[in-house]
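User: Please take a close look at one part of this structure. I want the helix packing and the aromatic contacts around it, with geometry.

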Amino acid sequence: MRHPPRSVLLAVTGATALIGAVTVPVVTAQGATPACTVEYSVTSQWDSGFQGAVEITNNTAAVSSWSLTFDFAGGQKVTQGWNAKWSQSGTTVTAANESWNGALGTGVSVSAGFIASWSGSNAVPTAFKLNGTSCNVDAEPSPTDPTDPTDPTDPTDPTGPGDGTAPALHVSGNKLVDADGTTRRLLGVNRSGGEFMCVQGYGIWDGPVDDAAIKAIADWNANTVRIPLNEECWLGLSHIKPEYGGANYINAVKDLVARVKAHGMTPMLELHWSWGQYTGNSAGCSDVHASCQKPMPNMQYTPAFWASVASTFKDDPTVVFDLFNEPYPDRATSTTTQAWQCWRDGGTCPGIGYEVAGMQDLVDAVRDTGADNLILLGGLAYSNDLSQWLTYKPTDPAGNLAAAWHVYNFNTCANESCWNSTLAPVAAQVPLVAGEIGENTCAHSFIDQVMKWFDDRGLSYLGWTWNTWNCNSGPALISSYDGTPTSYGTGLRDHLRALDG
């Protein structure tokens, strides 16, 4: 869905093609806490280069500045980076803090990323120093009572994701089920803001996302919150204000995910705005940056974005990934076949001036990290057309793909006849989730029809959007973040509250 008009920032960025993603685990010492810990990962790798990341945690006294050093053993050369000042002398790489992220308190972490070349081998560094102190090396261990209930190694301690009320979801036939095999539906709202505030330089979220604000969503009997994201903000690219990008943005997303889960709801992370200049039919903007909806994701940054998101949440099966908001290559290409081929396979697509990342590329980027999380894929025509979704469905080694669909009263497929002919065959084979439903009438008669059709078939739907905009132009479900509904939002709220369970 498009948003109310807001200002945008213009900037220029470089280009590096990324293919796939491979996470390389770092083995840290066991025992007492080391002075500092460093996790090194390769988030994407191709024939002559790779993208890497480091997460540094300071476990001693607070410092006002930091410098991380390590040595490459395979001839790798750093060519660019973010969230740190990167340099290399011979085999020694140095990442020094930026002016805005130098303070590292006790137990505080900071992340930074880079792109490097390689040939022959891409050996993982084995030794790291923070301000000259060796990391990942045990301090003198202190005795620990193995029966202490606070001991994190106690095998009886309930740890890890999926232990709370938010279900770990996976596909079973054409249903979504939890770890116990119980059928689940995703019913809730979208929480817009994370896709546009950061790139426009205003913040990260549009309105409050504290515990009270998330509880207000749960009070509508919602069980799912879809969270639109911006790839340039997540990756912390240079034109994004540092306070709204990179580690700060990632941590804000992680915090919101945790709050959504704390209220028993499923967090759905979705890529809404992405890089790539498109000025063709139905262009939302002429900006190369992620300041509007583009017809397709790009090979420049999107696989790296999803590799990073998947690496962050791969151990949490309660988090759902919606890979791209509203594809519309059909507006750029001349034939439907070309559009669906572009959708799945990417590459050079007619009418689109950047190299496209197809849905298969993005599925691969997620799965190459080891993440088995549920993945949603929207079709053509701003996710309103699923007519050939089954024909072009990407291959998924995890077998955990669902179809995403969006509908508003002004879309082409906005009547029961179309739903019966194009949606029902998809829903018969895979789970179907209406990631956005809405209408621009400030009423709810249209979404009432949508919800009934989906209820009758045990399918999922999420209202757009939990923001205090105009109910026509948003369309906004609420007039206040305490959950006060608009006349349009009243329809969704009352319907969700009337559902069993």
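Analyst: What follows covers one helix pair, then aromatic pairs. The model is predicted.

Start with helix 9 (residues 445-456) and helix 10 (residues 487-498). Their axes come within 10 Å and cross at roughly 25 degrees. An angle under 35 degrees counts as roughly parallel. Helix 9 and helix 10 are therefore roughly parallel to each other. The crossing of helix 9 past helix 10 is right-handed. Helix 9 contributes Ile 447, Met 451 and Asp 455 to the contact. Helix 10 contributes Tyr 488, Gly 491, Leu 492 and His 495. By class, the residues of this contact are 4 nonpolar, 2 polar and 1 charged.

Now the aromatic side. The whole structure holds 29 aromatic pairs. One of them joins Tyr 40 and Phe 70, edge-to-face, with 6.0 Å centre to centre and 75 degrees between the planes. Tyr 40 sits in strand 1 (residues 36-45) and Phe 70 in strand 3 (residues 67-71), so this pair links parts 30 residues apart in sequence. Tyr 40 is buried, at a relative accessible area of 2%. Phe 70 is buried too, with a relative accessible area of 2%.

Back to helix 9. Trp 419 and Trp 453 also form an edge-to-face pair, 6.0 Å centre to centre, with 65 degrees between the planes. Trp 419 belongs to helix 8 (residues 416-427) and Trp 453 to helix 9, so the pair ties together parts 34 residues apart in sequence. Both tryptophans, Trp 419 and Trp 453, are buried.

Last, a cluster. Tyr 40 and Phe 70 belong to one aromatic cluster with Phe 50, Phe 72, Trp 86, Phe 114 and Phe 128.

Note on methods
Residues are numbered from 1 along each chain as its sequence is written. This is a predicted model: local features need pLDDT of at least 70, side-chain atom pairs count only at pLDDT 80 or more; totals for chains, interfaces and linings use all residues. Side-chain values use heavy atoms; hydrogens and water are left out. Axes are lines fitted to C-alpha atoms, for helices over the stretch in contact, and angles run from 0 to 180 degrees between N-to-C directions. Helices (H or I, at least four residues) and strands (E, at least two) are DSSP runs, numbered from the N terminus. Angles under 35 degrees count as roughly parallel, over 145 as roughly antiparallel, 65 to 115 as roughly perpendicular and the rest as oblique. A crossing is left-handed if the near helix is turned anticlockwise from the far one by less than a right angle, and right-handed if clockwise. Contact means heavy atoms within 4.5 Å. Ala, Val, Leu, Ile, Met, Phe, Trp, Tyr, Cys and Pro count as nonpolar, Asp, Glu, Lys and Arg as charged, and the others, Gly among them, as polar. Rings of Phe, Tyr and Trp (its six-membered ring) pair if their centres lie within 6.5 Å; planes under 30 degrees apart count as stacked, over 60 as edge-to-face and the rest as tilted. Buried means under 20% relative accessible area, exposed over 50%, partly exposed in between (1.4 Å probe, protein chains only).
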